[in-house]
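Hi,

Here is the structure I promised to pass on to you. Have a look at it first, and then read on for what turned up in it.

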Amino acid sequence: MAITTLTLDATCPQEPGERRKCAACLREQLLVTPGIRSVDLHCTDGDSQATLELEYDPAMLSLSELSVQADRAGTCLLPTRAQVVLGIEGMVSPRAEQSIERALAKLPGVVASASYASRSLRVEFDRRTCALPEIVRRLDDLGLRLRSGGPKPIEKESVPSFSERTFSTLREHRQLVMAIVGAALLLVAFITHTMHGPEWLRLTAVIGCFVLAGWFTAIDTFKILWQFKFDIDVLMFAAAFGAASLGHYEEGGLLLVLFALGGAGEQLAMDRARRAIAALAKLAPDVATVRDTAGHETQVRVEDLQKGNQVVVRPFDRVPADGSVVSGASAIDQSPITGESVPVEKVVGDQVYSGTINGEGLLLVSVTRLASESTLAKIVKLVDEAQTTKSPTQVFTDKVEKKYVPLVLIGTAMLIVLPPLL
């Protein structure tokens with residue numbers, strides 16, 4: 001467990017009895033939370049200011065979750081520490097998560113948790129010791145780019161041709177394609193060796209298998225070795241080429257093919273999770289119809305809606321923003337947000353949510369929340385944040401991997417060197 005000691009400014013009740021009760025409740029509430037080792041609340045007599053000290057694992061618990069647990073116990077955390085979830089591009093594999101986290105941990109007061117699955121990074125930092133631009137500069141040094149989240153121009157989507165769709169699919173799943181082609185070449189090499197075919201054909205197929213199936217493994221291996229660290233990619237790479245050095249080319253190729261297929265399957269699962277998150281974010285429409293006081297209607301971007309704007313929601317359209325019904329009545333399908341299987345009747349004064357589907361009635365809705373503050377936006381943000389939080393099993397696996405791989409490599413070297421010497 002990568003324990004981090006964190007000191008946060010907080011507020012607590014001024015009454016001594018309530019203060020002791022608050023401290024006891026806070027310890028009881030937080031110590032049962034996975035990832036927290038110790039909690040201590042220091043309150044000053046006659047002052048509402050307090051200091052919360054705790055040891056916790058940032059990979060298993062985010063600052064927002066910690067704040068929620070503290071609020072439940074009656075203690076409010078002051079905003080001296082900030083948390084932001086950034087979309088990033090340039091992560092080539094799940095192994096890049098640990099490299100990013102280690103690099104950002106060198107900045108004062110910064111704790112980071114990266115997620116290859118969602119291509120996002122949760123960063124918790126102290127506003128007093130580190131600024132967000134410094135974190136962005138460190139990401140630039142690592143070759144990472146922030147994913148653009150700005151509004152996109154409204155344009156008619158063109159339908160790609162069959163060749164464009166095919167090329168896009170092959171490029172998107174290139175890791176799986178290379179693994180399958182590598183497996184086919186391995187099969188050719190095995191059949192050639194079994195049938196005593198030409199040796200040049202066997203060696204050509206084996207070399208092609210090693211290049212295609214081991215391409216991504218080799219990239220990850222050299223990046224890890226450049227940092228003087230070891231992981232499972234290094235172990236698999238060493239095992240494959242160790243087998244080839246002993247003349248067992250097909251066995252080494254089989255290791256790389258199996259590892260490549262496993263990585264491709266992991267990539268497919270992560271792509272599916274990313275598409276699900278993207279589909280959730282696209283539930284809200286891009287534009288909304290705003291009606292002014294004179295009754296004129298104009299099309300505006302949902303991002304440009306302001307509180308108090310009145311938007312027209314026509315039958316079977318999606319509600320563009322959170323708001324309250326000003327006029328009209330209709331049944332709203334709220335299943336994307338609340339999970340209710342039956343449409344809910346909405347009349348004047350009722351709340352509606354962005355991304356829900358209007359029924360047969362025409363509604364005029366007054367916007368009560370900005371697009372970035374809507375219920376749907378909060379759900380997407382929570383899902384992104386949850387993607388960056390690692391499970392206890394994953395944290396344990398990462399910890400074991402750091403010791404397991406070097407031990408295996410050292411043991412193998414001893415097995416090769418010691419018996420001949422003895």
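Let me start with one helix. F222 and W226 are exposed on one side of α8, the side facing away from its buried residues. Please keep in mind throughout that this is a predicted model.

**Helix α8**

Which residues of α8 are buried? They are T217, A218, D220, T221 and I224. These five cover an arc of only 165° around the axis, so they sit on the same side of α8. As a general point, an α-helix has 3.6 residues a turn, so residues three or four places apart point the same way. The buried residues of α8 pack against three other helices: α7, α9 (232-245) and α10 (249-281).

The helix itself runs over residues 215-226, which makes 12 residues. From its first C-alpha to its last, α8 reaches 17 Å, close to the 16 Å expected at 1.5 Å a residue. Just after α8 comes F228, with a positive phi of about 60°.

**Two more positive phi values**

If you step through the loops, stop at H196 and F316. H196 lies in the loop between α6 (174-194) and α7 (199-213). Its phi is near 55°, a positive value in a residue other than glycine. Is H196 buried or exposed? H196 is exposed, with a relative accessible area of 73%.

F316 is found in the loop between β11 (310-313) and β12 (323-327). F316 is not a glycine either, yet its phi is positive, at about 70°. The relative accessible area of F316 is 58%, which makes this residue exposed.

**The nonpolar cores**

The largest nonpolar core has 19 residues. Which of them touch the most other members? They are I88, I100, L104, V110, L121, I135 and L139. Several elements give two or more residues to this core: the strands β5 (81-89), β6 (110-115) and β7 (120-126), together with the helices α3 (96-105) and α4 (132-141).

L139 is a good place to click. Leaving aside residues up to four places away in sequence, L139 touches L86, I88, I100, L104, L121, L144 and L146. There is also a second, separate core of 14 residues, and V290, V311, V352 and V365 are among them.

**A three-stranded sheet**

Next, look for the open sheet with the strand order β14-β13-β16, where the pairing is antiparallel. Which strands stand at the edges? They are β14 (344-346) and β16 (357-358); each has a single partner strand, so one side of each is left without a neighbour in the sheet. Strand β13 covers residues 330-333 and is joined to β16 by two bridges, the two strands running antiparallel. To see where they face each other, find I332, which stands opposite N358 in β16.

**The chain as a whole**

Finally, some overall values. The chain has 422 residues, and 38% of them are buried. Its secondary structure comes to 13 helices and 17 strands. Among contacts between residues at least 6 apart in sequence, 67% join residues at least 24 apart. The chain exposes about 23600 Å², and carbon and sulfur atoms supply 61% of that area.

If you want one place to begin, I would suggest α8, with T217, A218, D220, T221 and I224 buried and F222 and W226 exposed on the other side.

Enjoy exploring, and best wishes

How values were computed. Residues are numbered from 1 along each chain as its sequence is written. This is a predicted model: local features need pLDDT of at least 70, side-chain atom pairs count only at pLDDT 80 or more; totals for chains, interfaces and linings use all residues. Side-chain values use heavy atoms; hydrogens and water are left out. A nonpolar core is a set of buried Ala, Val, Leu, Ile, Met, Phe, Trp, Tyr and Cys residues joined through side-chain atoms within 4.5 Å. Buried means under 20% relative accessible area, exposed over 50%, partly exposed in between (1.4 Å probe, protein chains only). Helices (H or I, at least four residues) and strands (E, at least two) are DSSP runs, numbered from the N terminus. Contact means heavy atoms within 4.5 Å. Accessible areas come from the Shrake-Rupley method with a 1.4 Å probe; for residues, only the protein chains shown count as cover. Two strands pair if DSSP finds at least two bridges between them. The expected span of a helix is 1.5 Å times one less than its number of residues. The arc is that of the directions from the helix axis to the C-beta atoms.
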